[in-house]
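Student: I would like a close look at one part of this model, with its surroundings explained step by step. Please keep to what can be read from the coordinates.

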Amino acid sequence: MVSLEQVHKVYANGAIALNGINLTISKGAFVLITGRSGSGKSTLLKLLYGAEQPTTGQVFVAGTSLQNIQGKALAMLRRKIGVIFQDYKLIPNRTVKENVAMLLMAQGLAPSEIDKRVLPALKMVHLAHKQDCFPDQLSGGEQQRTAIARAIVNRPPLLLADEPTGNLDSENSLQILRILEKLHGLGVTVIMTSHDNLLIDNFAHTKMHLNNGCLVSPP
Amino acid sequence: MTTYTASTLTIKLRYLLRETWLGMKRGGWMNWSAVSTIAILLCLFGLGLLASWQMDNLLADLGNQLEISVYLQEGAKPQQMQTVLSAVAGVADADIIPKDQAWQALLTEMGKSGIDQVTELLGANPLADEIKLRVHPQADIAAIASQIKDISGVEEVWYTSAIAQGLQQLRLAISLASSALVGICVLVAVSVISTTIRLIISARKTEIEVLQLVGATKRWITLPFLFQGIAYGTLGAAIAYVILWSMMRAVALVVDSQPELVQALLGKIWQDWRCYAILPPALISFGNGVGLFSSWLAVRRLSGT
């Protein structure tokens, strides 16, 4: 599903984010990438959804090389990838349902088809009853679950979660983890980054550790 | 392969129009600065067009009244020359003014006291036989005069070229002045509209980022902003047309009480078919073009990633 070959990423200011990463993640895996702040976790995910390009090396996602990918090809690839962020990135003046349906509306799907897809996604994250609420009427955990619903509404085979529990308390963090495990159980490949010890301790799948841009054995 | 049915296109169009409307709502009062700037620009553009059409009308009217005076050489037969000159393309009518008649008229104009002095001074009648030609309204008077000058038996040709040339120069000056004003206003309008749309893009930064991340294409993200530019152009054109139309109605009400020169200059431009058939589409096309270009300038830097 995901493959990185000798990937180096050096930012314009000279900061080395990733240093010779070789990584293969097979379809249906659930991987947790740990590491302290600045270790390169977010950069690694950005390379996977095409927001950054490697300085050297190759990145493949779902059989597609991401080298210099842009425009329509990148947009089409992103429809196969769901992305979740620590800060949720919800649109404040749109309801939960509208936030979740954004891509479906952009694809020109009929309202009935949008309802058919949005409702199951909201049910999956236990938010069907809040579909008409605005983000500022939701708790942090509910906002993150809305973001998960938005990420999975197009039924992507790959889900990337960048510190999804970074702003949440322990109860909400574990709820998010349970939802991601449920999605993994449905066949979705999940790659998550975190430095949250609670999450790391409760995680029963593959763990990887990034230290100064290099992949090392988990501590 | 993607197939687009009519219903898919309708749904997409409805979505785009909704996003355009949301963008305009987000713009608030900035929308009005963009619309009023474009309305001012289009008013000037419209006034330039109206002035140019009015000059065309004046020149056409003048063409109806223009005469060419052809003075014949000594010995040339006026009747024969009348036939020859009537056959020249563009000539509508030719009248002979015999030199004796002209001399008598001249002497009468000068008064009796002058006759002896003039006759003594000049000896005999010094005038030549003249043929006055009227030309067709759309004919090129200068070309006809030049052609006649080469006809055997013609001594001299004279016509009121100064008036026609003066009007043509005035028309050119109006065109240049209005083009310069419109040019400056285009720059101001482009600057105001693109800044407005940039500010709206900035306010919707997160939304655009999310759309990019969920896989919306660049075209899909930028279309509502381009539609917004077109909406500014259309609204500006509508306002400009209402202003121009009101101005024409106001002129129509007072023109009859104005001096003759003012009446001649203003003519009856509001009765010109171009005010109704050409002005509205010209304003809309120009306004939409400026709006579209300005919004394109604002969105072209939106990253494809």
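Student: In which sense do strand 2 (residues 91–97) of chain B and strand 3 of chain B pair, and over how many bridges? Please go on from there to the surroundings in chain A.

Tutor: The model is predicted. Strand 2 of chain B and strand 3 of chain B pair in the antiparallel sense, over 6 bridges. One position in this pairing is Ile97(B), which stands opposite Glu130(B) in strand 3 of chain B. Strand 3, residues 130–135 of chain B, is also joined to strand 1, residues 67–72 of chain B. These two strands run antiparallel, with 5 bridges between them. On that side, Lys132(B) in strand 3 of chain B is the bridge partner of Ser69(B). Strand 3 of chain B thus has antiparallel pairings with strand 2 and with strand 1 of chain B.

Next comes the contact with the other chain. Chain A puts 20 residues into the contact and chain B puts in 19. On the side of chain A that touches chain B, the elements giving two or more residues are helix 2 (71–78) and helix 3 of chain A. Helix 2 of chain A gives the most, with 6 residues. By residue type, this side of chain A divides into 12 nonpolar, 4 polar and 4 charged.

Helix 3 of chain A can be followed further. This helix covers residues 96–106 and is mostly covered, with 9 of its 11 residues buried. Among the buried residues are Lys97(A), Ala101(A), Leu103(A), Leu104(A) and Ala106(A). What covers the buried residues of helix 3 of chain A comes from both chains: it includes helix 4 (111–124) and helix 5 of chain A, along with helix 8 (205–214) and helix 9 (218–254) of chain B. Just after helix 3 of chain A, Gly108(A) has a positive phi of about 80°.

The packing of helix 3 of chain A against helix 5 (residues 140–152) of chain A can be described in numbers. Their axes are 7 Å apart and the angle between them is about 30°. Since angles under 35 degrees count as roughly parallel, helix 3 of chain A and helix 5 of chain A are therefore roughly parallel to each other. Their crossing is right-handed. From helix 3 of chain A, the residues Val96(A), Asn99(A), Val100(A) and Met102(A) meet Thr146(A), Ala149(A) and Arg150(A) of helix 5 of chain A. The residues of this contact divide into 4 nonpolar, 2 polar and 1 charged. Val96(A), Asn99(A), Val100(A) and Met102(A) are also among the buried residues of helix 3 of chain A.

Helix 5 of chain A leads on to a sheet. The sheet is open, has 6 strands in the order 6-7-8-3-9-10 of chain A, and its pairing is mixed. Strand 6 (81–84) and strand 10 (214–216) of chain A are at the edges, each with a single partner strand, so one side of each has no neighbour in the sheet. On average, neighbouring strands of this sheet are turned by 20° against each other, direction ignored. Helix 5 of chain A packs on this sheet and touches strand 6 and strand 7 (158–162) of chain A. The direction of helix 5 makes about 165° with that of strand 6 of chain A.

Strand 7 of chain A is worth following across the sheet. Strand 6 and strand 7 of chain A run parallel and are joined by 4 bridges, with Ile81(A) opposite Leu158(A). Towards strand 8 of chain A, strand 7 again runs parallel, with 5 bridges, and Leu158(A) stands opposite Thr189(A). As for burial, 5 of the 5 residues of strand 7 of chain A are buried. Both of its faces are covered: Leu158(A), Leu160(A) and Asp162(A) lie on one side, and Leu159(A) and Ala161(A) on the other.

Beyond strand 7, strand 8 (residues 189–194) of chain A pairs with strand 3 (residues 30–34) of chain A, running parallel over 5 bridges. In that pairing, Leu32(A) stands opposite Met192(A).

Chain A as a whole has 7 helices and 10 strands. Of its 219 residues, 44% count as buried. Among the contacts in chain A with a separation of 6 or more, 70% are between residues 24 or more positions apart.

Notes
Residues are numbered from 1 along each chain as its sequence is written. Chains are lettered from A and ligands numbered from 1 in the order in which they are written. This is a predicted model: local features need pLDDT of at least 70, side-chain atom pairs count only at pLDDT 80 or more; totals for chains, interfaces and linings use all residues. Two strands pair if DSSP finds at least two bridges between them. Axes are lines fitted to C-alpha atoms, for helices over the stretch in contact, and angles run from 0 to 180 degrees between N-to-C directions. Angles under 35 degrees count as roughly parallel, over 145 as roughly antiparallel, 65 to 115 as roughly perpendicular and the rest as oblique. A crossing is left-handed if the near helix is turned anticlockwise from the far one by less than a right angle, and right-handed if clockwise. Two residues are in contact if their C-beta atoms, placed from the backbone, lie within 7 Å. Ala, Val, Leu, Ile, Met, Phe, Trp, Tyr, Cys and Pro count as nonpolar, Asp, Glu, Lys and Arg as charged, and the others, Gly among them, as polar. A residue is buried if 20 or more other C-beta atoms lie within 10 Å of its own, exposed if 12 or fewer, and partly exposed in between; C-beta atoms are placed from the backbone.
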